[in-house]
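This report looks at the interior of one protein, taking its nonpolar cores and then its cavities in turn.

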Amino acid sequence: MQNVRQEKLLAMLCEREGWMTSRQLARLLGVSDRTIRSDVDAINKRITPPPIESNVRLGYRMMEDARTGLFAPEKKVPETEIPQTPGARCIYIIQKLLFEARELNLVSLQNQIYVSGYSIDNDIKRIRRMLEPYASLKLVRNRECISLKGDEAGKRRFYRDLLVAEVQDNFLNMNLLANLYKSFDLLAVKDIFVEVLEEYDYSIHESMFLMVLLHAGTSIERMNCAHFVTMENASQGLEDTIEYQISKTFFERVSKRLHLEVQASEVGMFALVIMGKRASSYTNDYVNFNGKWLNTKKLVTEALEGINALFGLDFRSDADLIAGLKIHIHGLIDRVKAKVHMQEVLAEEIKRKYPFVYDMGIYVVELLQDKLEAYIPEAESCYIALHLGGASERIQSVRRYRAVMIIPHNQTFSEMCVRKISDMFRERMEVAGIFSYFEEETASALDPDLILTTFPLEHKLDVPTVAISLFVDSETESSILQALNRLDKKRFQLELTSCIGRLIRREHFHENVGLETPEEIIAMLCGGLEKEGIVEPEFKDIVLKREQMSPTSFVNAFAIPHAFGAFASSSTIAVAMLKNPVRWGNFHVSLVMLFATNEGDERMIKIFFDWVSNVVNHPQELAGLVSSCSYEEFIDRIMA
């Protein structure tokens, strides 16, 4: 079976009647010329008769018989990216069951994502393990169909936890944003902006900096194409603000650097972006679209209300997000009126890495389409997803577990109990509510992670419950600590599935490797990543230099060679299961996992090393992991 890249290669050649060079195909698919040649060779060996004709001078084209037969239009790859790893498939299936269908037909699912029934069966097992901490949820199989059974509150909690795992400390990075803009260097623009901020002694909160830069880049990109934003009925006083002066100085320097025409409306709009939540004092809530006045503040409110109701995430009090979305919607309406489109450079990246955030972006765009009664390009959902993902990361970066306490108010020691527990666990938990009696609806409204009660309590909420003593004895302290550790474990398992489960692809998993030295093994794994265009040739030397500093072997089991720094176009783990143990530093290893990371994926690195530490401390898991196995079995052992 072809991988998704080979399917796309076939689709391109099928649509193009003439020749295409390897360089043209490589540029479209984002890989090297060598990868194209390897893919063509693999396809022609797999399919009889070979469907692709090659010519040293002209390149490649589809054979006519193949074009009208095997690769008829119904065989083309769908626009949405096909999940290629078990972790990505699990997320894909969960998304479908949560938002698109009450049940999925497994035969149809196999055809959609190009995997065997055996792989789907393994994915179902993995999803069931993911659901174990959620007592009210159950994945039910009825012959050739599966469905997710359980109450709505449980499904929302599950979705929220998956989203947390998806965006935690890892949503935006500068290199990702820089890829958006092809007509100028965003990193150079960033340097100009930082320089201006320093001159004015003005600071922007770290969580907002990249979003502000995104707006700057988008403004420059549009002005390069002679498209300018308009500011209708801007409030007086804006030009007297420090943010306006910063924006004006910034654009003056950018215009000199890029020979760009800048209009006053652009300066004013960017000043509002810099202001963040304070911008509401200087902007009009109304915008005219085809003779109809629309309230952008109301549109943002409706969108966030819908996200809270559908996805279980409450952004309604995030003033910075509200201001950012409001300004974005003003620009969006201008683009729809002018019939100009944003670039879709990040669409596939966001769909692949952040499917739940992307879903929220799609939801907002659909809502806006209904309000405007006009088509809005898909690229807008990506930019809205950036706003929502950044807001998700801000929430989770300061989020502690939320506890509800059921404790009699009329007892002398109640206040002391609450204070003692709050102080004892303040780094990990906050008390969201205190009640003298229990009512499911009231407690559920506070979205608790934990219920602490001084008397026996039975309820139907999918929330762990801990019996405590008013005097907060050692048993109470231990019970709360164990409950928090279980919540950590659940969160970690979801992060592991969401992140690491997607990093190990079948094409980078090597069984029965007969090489005999660390240098040979590293060269082989790096060569595979280089062939795919994930790393540059010098990456191997960087990894070997790191090994010379200190071997990356752990006990007599496995090694995790890696580089200090981000050198990969996308984070990937390449795996070698060795035929015979190899001496690696002071140990003999049977498993090698080479980590290549992309800038901004610090959270993935932490999850990976946390998992390594956990495995090393559990001999039984360690023994199972390093024993020879297939790709599917290896993924199962990681996610167990």
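## Nonpolar cores

A nonpolar core is here a set of buried Ala, Val, Leu, Ile, Met, Phe, Trp, Tyr and Cys residues that are joined through side-chain atoms within 4.5 Å, where buried stands for under 20% relative accessible area. The model examined is a predicted one, and its largest nonpolar core contains 102 residues, among which Phe193, Phe250, Met360 and Leu388 touch the most other members. Helix H11 contributes the largest share of this core, namely 10 residues.

Around Met360, once residues up to four places away in sequence are set aside, the contacts are Tyr159, Leu163, Ile307, Phe311, Leu313, Phe315, Leu388 and Ser392. Leu388 therefore appears both as a contact of Met360 and beside it in the list of core residues that touch the most other members. A second core, separate from the one just described, has 30 residues, including Phe595, Leu622, Val626 and Cys629.

## The second largest cavity

The structure holds 4 cavities of 30 Å³ or more, and the second largest of them has a volume of about 120 Å³. Its lining is made up of 14 residues, and those that lie nearest the centre of the cavity are Met208, Met211, Asp320, Gly324 and His387.

Four helices, H11 (206-224), H13 (264-275), H15 (319-338) and H18 (379-397), each supply at least two residues of this lining, with H15 giving the most, 5 residues. By character, the lining divides into 8 nonpolar, 4 polar and 2 charged residues.

Methods: Residues are numbered from 1 along each chain as its sequence is written. This is a predicted model: local features need pLDDT of at least 70, side-chain atom pairs count only at pLDDT 80 or more; totals for chains, interfaces and linings use all residues. Side-chain values use heavy atoms; hydrogens and water are left out. On a 1 Å grid over the protein atoms alone, a cavity is a set of points where a 1.4 Å probe fits but cannot get out, and a pocket is an open set with protein on both sides within 12 Å along at least five of seven lines; lining residues have an atom within 4 Å of a point. Grid points are joined across faces, edges and corners, and a volume is the space filled by probe spheres set on the points. Ala, Val, Leu, Ile, Met, Phe, Trp, Tyr, Cys and Pro count as nonpolar, Asp, Glu, Lys and Arg as charged, and the others, Gly among them, as polar. Buried means under 20% relative accessible area, exposed over 50%, partly exposed in between (1.4 Å probe, protein chains only). Contact means heavy atoms within 4.5 Å.
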